[in-house]
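Student: Could you pick one part of this model and give me a close look at it? I'd like to hear how strands, helices and buried residues fit together there, and then how that links to what lies elsewhere.

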Amino acid sequence: MTLDATDAISPLGVLPPPGPTCIHLPLDVTPEGLARHAVGLANARGGTVLVGVDAVSGSARDAGELHPLMITHAIFELSGGRLTVNVQHHRLPGGARVLAVFVPHAPYVLAAPDGSVITWDGAHLVPVTPGEAEPVADQDFTATVPPDASLADLDPAEVARLRGLGRRASAANLPDLDFLRELGLLIPSGGALRPTLAAILLAGTPAALRAHVPQSEVCFYHHQTTDVEFQFREDLLRPIPALLTRLAELIQARNRFTPVQVGLFRIEVWDQDEVVYREALLNALTHRDYTLRDAVHVHHFPDRLEIMNPGGLPGGITPGNILRHQPKRRNPLLAESLARLGLVERAGVGVDKMYSLMLRHGKEPPEYTTYPDSVTLALHSPGFDAEFVRFVARKQEDMQTLSLDVLIVLSLLAREGEATRAALARALQLPEDRTPRLLRGMEEHGLIRRAGVGRGIAYVLSDEVRGALGRPALPVVEAAAPASAAVVAPVAVPATLPAAPEPVQPAPPKVARAPRRPADSSGPNAAEVRAIALALAREHGRVRNVDLRGACGITTQQAWRTLRRLVRDGLLRKLGTGTRDAAYELLS
C-alpha cells in the first residue's frame, strides 16, 4: 500500500499562527529564501516554516509546486550540511497544499558560508552579533585537531580507498590534499594543513589511530553456541572503510542463506543480510561517543548478531521513538564526510532501511536495548516466515510498494495473530490518534479487518492474506450489544464482513471486549503455546521446534519465538545450535 505524501495527515493538526516558533511564507518564496528562514528558526528555538497557508482554494497555484528536495538542498548548502529538516506537504480542507518544514533547534549556532549568523525574533530575521553567537553546546569531537597531528598521520592507501568510495563526488578528481580539504577533513592550524580526528578515523595510519583514537577499535567475537563463551576473537584498529570490509568478511564467512522461490524469481534470505548489518555497523561507528575510552563489540551468535556501542543513543532518541525522532548526529563532521562519500544517507533513513528489509524477509525488526552509557542492537537471524516473504514479494507487484508502516502492521499481526490499535501504535511508534488513517487504508485494500466492538476492537489479517500465508481463515465473531443500548452508539459492520447474528440470550458481563481467540479457532493462543512447550519438555525431557509446531499447528517462527522467550524467562535452556536442530530442556 502506498500513501501519497500530499495526502498524509499533518502532524500539526490545526495549522499554527505565525509567531516565535512558526513562520508563514508566501508562495513566491525562493528555496534560498526559505532556507534562510529555516536556519534562523533553528538558531532561535526551532519550529515550523509553512508556505502557502493563505493560498486561495481552487487557485491555479499552491505549495505543491515546491519539491521537498529543492528545499532540503538549499538548507544543506546554506548550513554547510549541519541542519537536517523534515519536509512534507499538507492538504488543506479546500484542496490546496501547504509545504511544512519542521526545523529542530540547532545544538550550536549555525553560520552561513560567509560567516554571517541570523536568527528569528518572532517576527523578522535579525543578525546575531559575535558575542551572541557563542556555541551553546559541546563542539563536535571529531572536528577537533589533535595537538601533534600532521599529514604523516594519514595513510595514502586509505586516502585512495576514500577516493574510490567518493568517485561520484564533485571532489573525486582533485589532488589528495584538495580532496580531503573539500571533505572538511583537513583544516589550517598552526600555519599548516592538519588532519581532524574525523580524517584519522577515516584514513589514519595504525600508529595515528593508536595515538589519537585508540577507542575506535572494534572487537569481533564468534560464538558457536548461544553461550557467552566465544571460539574466535579478532581486535580491529583500522580506518572505518577498512573496518567495514574486514567485518563483512568475518560475518560472511559464517553466514548462510535460504532460497525462497517466488514465481520465476528466487529471493535469498540470509541469516544476516549484508545491507542490514552493514547499516547497523555504520550507525555504530558514525554515532558512537568517541570521548569514551571504550571499543565497539560485535558478537556473532548462531541466532543473532549483537552490536554493543559506547555512548548510547543521541539525546532524546529511545528504542520507542527511533523510527520517528528527528535524526541527530553526535559527530557531525564524521557523519557528513561519510554521507558525501556515499556510505551513509544524509536523510537519516538507515534505521528505516534495516526495519524494512528484515520485515520483508519475514523476520522480527531490530531490537534495541539501552543503558545509561551504551546501547546494544540485536539482529535476530533464525527462523523466518517464507510464506510472508512470498506474500510481500507478490503484493509489491500489485501495489508497487509496501510502506514501512504497512509492513510493521502486517508483520506484527502475522506473528501475534491479532493486536489492538494501542499495540499497533506502539509498534508503529506513533500516537494512537495518528493510526486510524493507516488502518482504514489497509482495511480498504483488504489487508486487515477488525474484530470486536468498542474498547474490545482488535485487528487481524484479512482472510485473503491469511490464505496467502497458508493459514486457515478466522471465524467472524461479533460481540453482542451491551445491555444498556441507550448509552452505546451502534457499530457499523464493514462491508467485507458478514453481519453479526442477533443475540439469542443476554450478553455476559464482558460483552464490550472481544475474546482474544474465538472458541472454535484452529489453534491455541500464546499462553497455551507456552504451557504446551513446558509440558512437552517436562514429559520428554526436552522439546524441539518441530515438536512444538506439531503439537500446536504453528509456524517455525512462532515456535522459535515462544521457545526463545521461555529461555529469556529462565524456564528453559537451549541445547545445540540453529533453529531446527536445537533442543530445549527445563532448567532445574
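Tutor: A bit of bookkeeping before we start: two strands count as paired if DSSP finds at least two bridges between them. And keep in mind that this is a predicted model.

Let's take the four-stranded sheet. The sheet is open, its order is β1-β2-β4-β3, and the pairing is mixed. β1 (22-25) and β3 (86-91) are the edge strands; each has a single partner strand, so one side of each lacks a neighbour in the sheet. Going from one strand to the next, the twist averages 20 degrees.

Now the two kinds of pairing. β1 runs parallel to β2 (residues 47-51), and four bridges join them. Across that pair, Leu 25 sits opposite Val 51 of β2. Over at the other edge, β3 and β4 are antiparallel, with six bridges between them. Gln 88 has Ala 100 in β4 as its bridge partner. Those two strands make a hairpin: five residues separate them, and Gly 95 in the turn has a positive phi of about 110 degrees.

What about the helices? Helix α1 (residues 31-44) lies across β1, β2 and β4 (97-103), at about 160 degrees to β2. Helix α2 (residues 68-79) packs on the sheet as well, touching β3 and β4, and its direction makes about 150 degrees with that of β3.

To place the buried residues, we have to step out for a moment. The largest nonpolar core has 87 residues, and Ile 240, Val 409, Leu 410 and Ile 448 touch the most other members. Helix α12 (residues 404-416) gives this core its largest share, nine residues. Leaving aside neighbours within four places in sequence, Leu 410 contacts residues including Phe 388, Phe 391, Met 442 and Leu 461. A second core, of 25 residues, is separate, and among its members are Leu 25, Ala 42, Val 51 and Leu 99. That brings us back to our sheet: Leu 25 and Val 51 are the facing residues from the β1-β2 pair.

For a link elsewhere, look at the three-stranded sheet. This one is open and antiparallel, in the order β20-β22-β21. Its edge strands, β20 (543-544) and β21 (572-575), each pair on one side only. β21 and β22 (residues 583-586) share four bridges, and Leu 572 is partnered with Leu 586 in β22.

Two helices lie across all of β20, β21 and β22: α16 (residues 526-540) runs at about 80 degrees to β22, while α18 (residues 556-568) runs at about 115 degrees to β21. The buried residues of α16 include Val 529, Ala 533 and Leu 536. The buried set covers an arc of only 160 degrees around the axis, which puts its members on the same side of α16. On the other side, Ala 527, Arg 538 and Glu 539 are exposed. β20, α17 (545-552), α18, β21 and β22 are among what covers the buried residues of α16. Just after the helix comes Gly 541, with a positive phi near 90 degrees.

Terms used: Residues numbered from 1 in each chain as written. Predicted model: local features only at pLDDT ≥ 70, side-chain atom pairs only at ≥ 80, totals over all residues. Heavy atoms only, no water. Axes fitted to C-alpha atoms, helices over the stretch in contact; angles between N-to-C directions. Contact = heavy atoms within 4.5 Å. Buried < 20%, exposed > 50% of the residue type's maximum accessible area, 1.4 Å probe, protein only. Arc of directions from axis to C-beta. Core = buried A, V, L, I, M, F, W, Y, C linked by side-chain atoms within 4.5 Å.
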